[in-house]
Amino acid sequence: MMAMLVRRALSSSRSTIGFLRRSSSVVALQSRDFSMMIGRPDSQLDLAMPDFLRDARRGFAKGKKSRDDSSAATGMVDASPDIGPTVKAAASSQMEAAIDALSRDLTKLRTGRAAPGMLDHIVVETGGVKMPLNHLALVSVLDPKTLSVNPYDPDTVKELEKAIVSSPLGLNPKLDGQRLIASIPALTKEHIQAMCKIVTKSSEVVKQSIRRARQKALDTIKKAGPSLPKDEVKRLEKEVEELTKKYVKSAEEMCKSKEKEITQA
């Protein structure tokens, strides 16, 4: 019995030793294979890798290349943008708006001659709603001293008459059928002097608006100066100055024409 137990113990020990020897051989083989893989070129290493490791490695390489390309692109020097058209367009738009405002203000001034636009600034309240007179009636010139106001809706004629009388123009329209007739009274010397002062003041206001637009354009050019050639900066500044002179001259001519209209009425 004792002999049998001894034999079984020896057999079990031999099996364990054999298993350990085989495991050591496998580990050594895998270590040798891994060492060989490390020394292989990338193409051979890719083939030896599992699919998921190979795909991850390739993705990393592409990402690195993209970052390198992006860095290279960032390092490139971009050409300076052409800000000239934008600056001139903005300045021209602001100066044109100033001229339009001047034109509207001068139209409001009454002279000794009839002009359809002289009633455009009058606001009429009808049915609880305030509207410009020229949206409610057609204004026309019958002769150099007389205006005709024809309402689109005859029911608004009373509201139109009230608004015209209340305006600072000093007009006193009369009802003629379904229309209003407004005679333009002659200007007094005092009234002429007052109107000329208003024209002069309007001229100064519009010139200030034009100069502000000029300064804004020059500031924009100056801010972009470091990225622009010096010749380009000088050219743009010169063009802005020429644009300013053009609109200032236009304002002066409009005001001179209005003064002449007032004094010769």
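# A tour of the predicted model

Start with the whole protein, coloured by confidence. This is a predicted model. Its average pLDDT is 78, and 69% of the residues score at least 70. Select residues 33–48 next. Here the pLDDT is below 50, and the stretch has 9 contacts in the model beyond near neighbours in sequence. Then move to residues 70–79. The pLDDT is below 50 there too, but this stretch has 0 contacts beyond near neighbours in sequence. Where pLDDT is low, the predicted coordinates should not be read in detail.

**The overall layout**

Switch to a cartoon view. The protein has 7 helices and 6 strands. Follow the chain and the order reads α-α-α-α-β-β-β-β-α-β-β-α-α. Now show contacts between residues at least 6 apart in sequence: 64% of them join residues at least 24 apart. Turn on the surface. About 17,900 Å² is exposed, with 57% of it supplied by carbon and sulfur atoms. Of the 265 residues, 28% count as buried.

**Stop one: α4 and α7**

Select helix α4, residues 84–108, and helix α7, residues 230–263. Their axes lie 10 Å apart, at an angle of about 10°. The two helices are therefore roughly parallel, as angles under 35 degrees count as such.

Show the side chains between them. On the α4 side, look for residues including Val87, Ala91, Met95, Ile99, Leu102 and Leu106. On the α7 side, the partners include Leu236, Val240, Leu243, Tyr247, Met254 and Cys255. Charged residues can be picked out as well: among them are Lys88 and Glu96 in α4, and Arg235, Glu239 and Lys258 in α7. By class, this contact holds 13 nonpolar, 6 polar and 5 charged residues.

**Stop two: α4 and α6**

Keep α4 selected and add helix α6, residues 189–224. The axes of these two come within 9 Å and cross at roughly 170°. That makes α4 roughly antiparallel to α6.

Which residues of α4 meet α6? They are Val87, Ala91, Gln94, Met95, Ala98, Ile99, Leu102 and Leu106. Across from them in α6, select residues such as Val199, Ser203, Val206, Ile210, Ala213, Ala217 and Ile221. Arg214 and Lys216 are also among the α6 residues here. This contact divides into 13 nonpolar, 5 polar and 2 charged residues.

**Stop three: Ser203**

Zoom in on Ser203, in helix α6. Is Ser203 buried or exposed? Ser203 is buried, with a relative accessible area of 8%. Leave out its neighbours within four places in sequence, and Ser203 is in contact with Leu102 and Cys255. Leu102 belongs to α4 and Cys255 to α7.

**Stop four: Arg113**

Go on past α4 to Arg113. Arg113 sits in the loop between α4 and β1. Its relative accessible area is 45%, so Arg113 is partly exposed. Now pick Asp143, which is 30 residues away along the chain. The C-alpha atoms of Arg113 and Asp143 are 8.8 Å apart.

**Stop five: Thr146**

Finish in strand β4, residues 146–151, where Thr146 is found. Thr146 has a relative accessibility of 12% and so counts as buried. What does Thr146 contact, leaving aside its neighbours within four places in sequence? Select Ala114, Ser140, Val141, Ile181, Ala182 and Ile184 to see its partners.

Note on methods
Residues are numbered from 1 along each chain as its sequence is written. This is a predicted model: local features need pLDDT of at least 70, side-chain atom pairs count only at pLDDT 80 or more; totals for chains, interfaces and linings use all residues. Side-chain values use heavy atoms; hydrogens and water are left out. Axes are lines fitted to C-alpha atoms, for helices over the stretch in contact, and angles run from 0 to 180 degrees between N-to-C directions. Helices (H or I, at least four residues) and strands (E, at least two) are DSSP runs, numbered from the N terminus. Angles under 35 degrees count as roughly parallel, over 145 as roughly antiparallel, 65 to 115 as roughly perpendicular and the rest as oblique. Contact means heavy atoms within 4.5 Å. pLDDT is the predictor's confidence in each residue, from 0 to 100. Buried means under 20% relative accessible area, exposed over 50%, partly exposed in between (1.4 Å probe, protein chains only). Accessible areas come from the Shrake-Rupley method with a 1.4 Å probe; for residues, only the protein chains shown count as cover.
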